[in-house]
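Here are some notes to read alongside the structure, written for someone meeting it for the first time. Please keep the 3D view open as you go through the points.

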Amino acid sequence: SYDHLVCAVGTSSRLSLVKGAADYCFPLKTSQDSKRLRTAIGESLEYASRPDVQEYYYEDDEMQHQASEERRRRVHIAIVGGGPTGVELAGELMDFFQQVCGSPDGAYKHLRDDVSVTLIQSGTELVPAMDKELRARARQSLEEQGVRVIFNTRLQEVGQDYVVVKEKGSGAEETIPVGLTVWAAGNAPVPFVKELLSQLPPEATGSAGRVNVDDWLRCPTPTPETFGSILVLGDVACLNGRDKYKPEPEPLPQTAQVAGQQGSFAARLLNRGYEMDATPPRLPELSSGEAFSLLRTWLVARGLEEAQGFRFLSLGLLAYIGQEEALNQVMLGNVPLFNYSGKVAFALWRTVYLSKQASTRNQALIAFDWLRTEAFGRDITRL
C-alpha cells in the first residue's frame with residue numbers, strides 16, 4: 001500500500017520499429033548502454049587491427065582489396081537519429097577518433113584513414129527543434145569533420161554487419177556495411193508503464209504509449225477515491241504545453257529540462273501537504289486543536305492555499321557538435337534571447353553541464369577529467 005505513487009520511470013528505445021534493430025542496434029538510454037557501447041567501440045578498433053585484415057597479409061591484389069574493405073567496415077559506425085543525442089554522439093566519436101587514431105602517438109594511428117561515421121536522419125535537417133541557422137551549422141560542422149549525413153532516409157533493416165536504408169520519395173535502397181549501429185531515435189514505454197496503463201481507465205493512455213496527466217501531474221484513476229494518488233512525470237507523462245504562438249496545444253518535449261522542472265513541482269506539492277484529490281489541490285482545513293504551522297502560514301501569506309498548475313519554462317537547447325564547438329539556443333519561456341554556435345557556445349555548454357551535476361564531488365571529478373583529457377588525451381585503457 002502507499003499514500004502516493006510517483007511514476008518517473010522514463011522510456012526505452014523503440015527498437016521494434018525496424019527489422020533487426022532489437023538484435024543488432026546499441027541503444028543509448030542508460031549508463032549500462034553507454035558501457036556496452038564503449039566496449040563495442042574498443043572491440044571494433046582491436047578487430048580492425050588484426051593481421052587478417054591488413055594488406056601485407058596477402059599477396060593477391062583481390063585479397064588485399066577485400067582485406068582493406070573489411071577493415072574499413074569494422075570501424076564504420078552508423079548512428080540512427082539526427083536529434084541532439086545522435087548529433088552529440090557523432091561529434092564525440094569524431095573527437096575520439098581524432099585523438100586515438102591521430103599521429104604521431106595515437107594508439108590506433110594505423111586506422112586513421114579507415115574510421116568513419118554515418119548519421120542517418122529520416123527528416124530533412126538535423127536537430128529540428130533548434131532554429132534554422134543552428135540546424136545548418138550542425139550539418140556543416142559534422143560534414144567538415146568527415147561525418148556522412150544521410151537525410152530524408154528511412155532505416156529499413158539492421159544486420160550484424162550492415163544496415164539497409166531507403167530514400168523517401170524515390171524509394172532507392174542502399175546497403176551500407178558497418179561495424180556497429182547505434183540507435184538514437186524513437187522512444188517506447190517501459191514494461192512498468194504498460195502494466196500501469198492496463199490498470200487505469202482508457203482515457204489515461206496518451207500518445208506513443210505515454211500517460212495522460214492534468215496540470216498537477218495526476219493521471220486518471222479507476223475510482224474517484226484513488227484520484228490524486230498517482231503522479232506521473234518526465235518522459236512518460238503526456239501533458240500538453242500552452243503556447244500563445246501555436247493554435248493547438250502540443251505535448252511537452254521528452255527532455256531532461258521538462259523532467260527536472262516536473263520533479264521539483266511534484267516535490268513541492270507533496271512536501272506542502274496539499275490534498276491531491278481536490279481540483280485544484282488545496283491545503284487541508286485545520287481544526288482548532290492542531291499545531292501552528294509556519295509553512296502553512298507562509299503559503300497562505302503568498303496566496304498558495306490552492307496549488308497552481310505546472311507551467312514549463314523553457315530555458316533553451318544545447319548540443320555539442322565536436323571539435324570543441326556547440327550549439328546554444330537560449331530562451332526564456334517562449335521568448336528567444338540569443339543563438340550561439342562555436343567556441344563561445346562550447347564554453348556555455350560546459351558551464352551548464354557542470355552546474356547540473358548533483359554534487360560538488362561530481363563537478364570536481366568531471367572538471368578534472370576534462371583537464372586530464374586536454375593534457376594527456378583520452379584514457380582508452382578500459383576499452
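Which residues of α9 meet which residues of α10?

1. On the α9 side, the residues are R350, Y353, L354 and S355. Their counterparts in α10 are Q363, I366, A367 and W370. Please bear in mind here, and in every point below, that you are looking at a predicted model. Helix α9 covers residues 343-355 and helix α10 covers residues 360-376. Their axes come within 9 Å and cross at roughly 145 degrees. Sorted by type, the residues of this contact are five nonpolar, two polar and one charged.

2. Another helix pair to look at is α2 (residues 31-47) with α4 (residues 84-100). Here the axes come within 13 Å, with a crossing angle of roughly 40 degrees. The two helices are therefore oblique to each other. The crossing of α2 past α4 is right-handed. From α2, the residues making the contact are L37, I41 and L45, and from α4 they are L89, L93, F96 and F97. This contact has seven nonpolar residues, with no polar and no charged ones.

3. Next, please find the open sheet of five strands. Its order is β3-β10-β4-β5-β6, and the pairing is parallel. The edges are formed by β3 (25-27) and β6 (148-150), each of which pairs on one side only. From one strand to the next, the twist averages 25 degrees.

4. Inside that sheet, β4 (residues 76-80) and β5 make a good place to zoom in. Five bridges pair these strands in the parallel sense. If you would like a single position to look for, I77 stands opposite V117 in β5.

5. Which strands does α2 lie across? The helix lies across β3, β4 and β10 (180-183). Relative to β10, α2 runs at about 160 degrees. So that you can place it again, α2 is also the helix that passes α4 in a right-handed crossing.

6. A second open sheet has three strands in the order β7-β8-β9, and here the pairing is antiparallel. The edge strands are β7 (153-158) and β9 (173-177), and each pairs on one side only. Ignoring direction, neighbouring strands of this sheet are turned by 30 degrees against each other on average. As general background, strands of a sheet pair through backbone hydrogen bonds, either parallel or antiparallel.

7. You can follow this three-stranded sheet one hairpin at a time. β7 and β8 form a hairpin with three residues between them. Their antiparallel pairing extends over five bridges, and V158 has V163 in β8 as its bridge partner.

8. Continuing along the chain, how many bridges join β8 to β9? There are five, and these two strands run antiparallel; β8 spans residues 162-167. In β9, K166 is partnered by E173, while V165 is partnered by E174. The hairpin of β8 and β9 has five residues between the strands, and G169 in this hairpin takes a positive phi near 90 degrees.

9. Two cis peptide bonds deserve a look. One joins S103 and P104, with omega about 5 degrees; P104 lies in the loop between α4 and β5 (116-120). Another runs from T279 to P280, with omega near -5 degrees. You will find P280 in the loop between α7 (256-271) and α8 (294-301).

10. Where does Q323 lie? Its place is in the loop between β17 (316-322) and β18 (325-332). Although Q323 is not a glycine, this residue has a positive phi of about 55 degrees.

11. To finish, please turn to the charged side chains. The structure holds 17 salt bridges. One of them is formed by R71 with E55, and the closest N and O atoms are 3.0 Å apart. This pair links distant parts of the chain, with the two positions 16 residues apart in numbering: R71 sits in helix α3 (residues 61-74), and E55 in the loop between α2 and α3.

Key:
Residues are numbered from 1 along each chain as its sequence is written. This is a predicted model: local features need pLDDT of at least 70, side-chain atom pairs count only at pLDDT 80 or more; totals for chains, interfaces and linings use all residues. Side-chain values use heavy atoms; hydrogens and water are left out. Axes are lines fitted to C-alpha atoms, for helices over the stretch in contact, and angles run from 0 to 180 degrees between N-to-C directions. Helices (H or I, at least four residues) and strands (E, at least two) are DSSP runs, numbered from the N terminus. Angles under 35 degrees count as roughly parallel, over 145 as roughly antiparallel, 65 to 115 as roughly perpendicular and the rest as oblique. A crossing is left-handed if the near helix is turned anticlockwise from the far one by less than a right angle, and right-handed if clockwise. Contact means heavy atoms within 4.5 Å. Ala, Val, Leu, Ile, Met, Phe, Trp, Tyr, Cys and Pro count as nonpolar, Asp, Glu, Lys and Arg as charged, and the others, Gly among them, as polar. Two strands pair if DSSP finds at least two bridges between them. A salt bridge is a side-chain nitrogen of Lys or Arg within 4 Å of a carboxyl oxygen of Asp or Glu.
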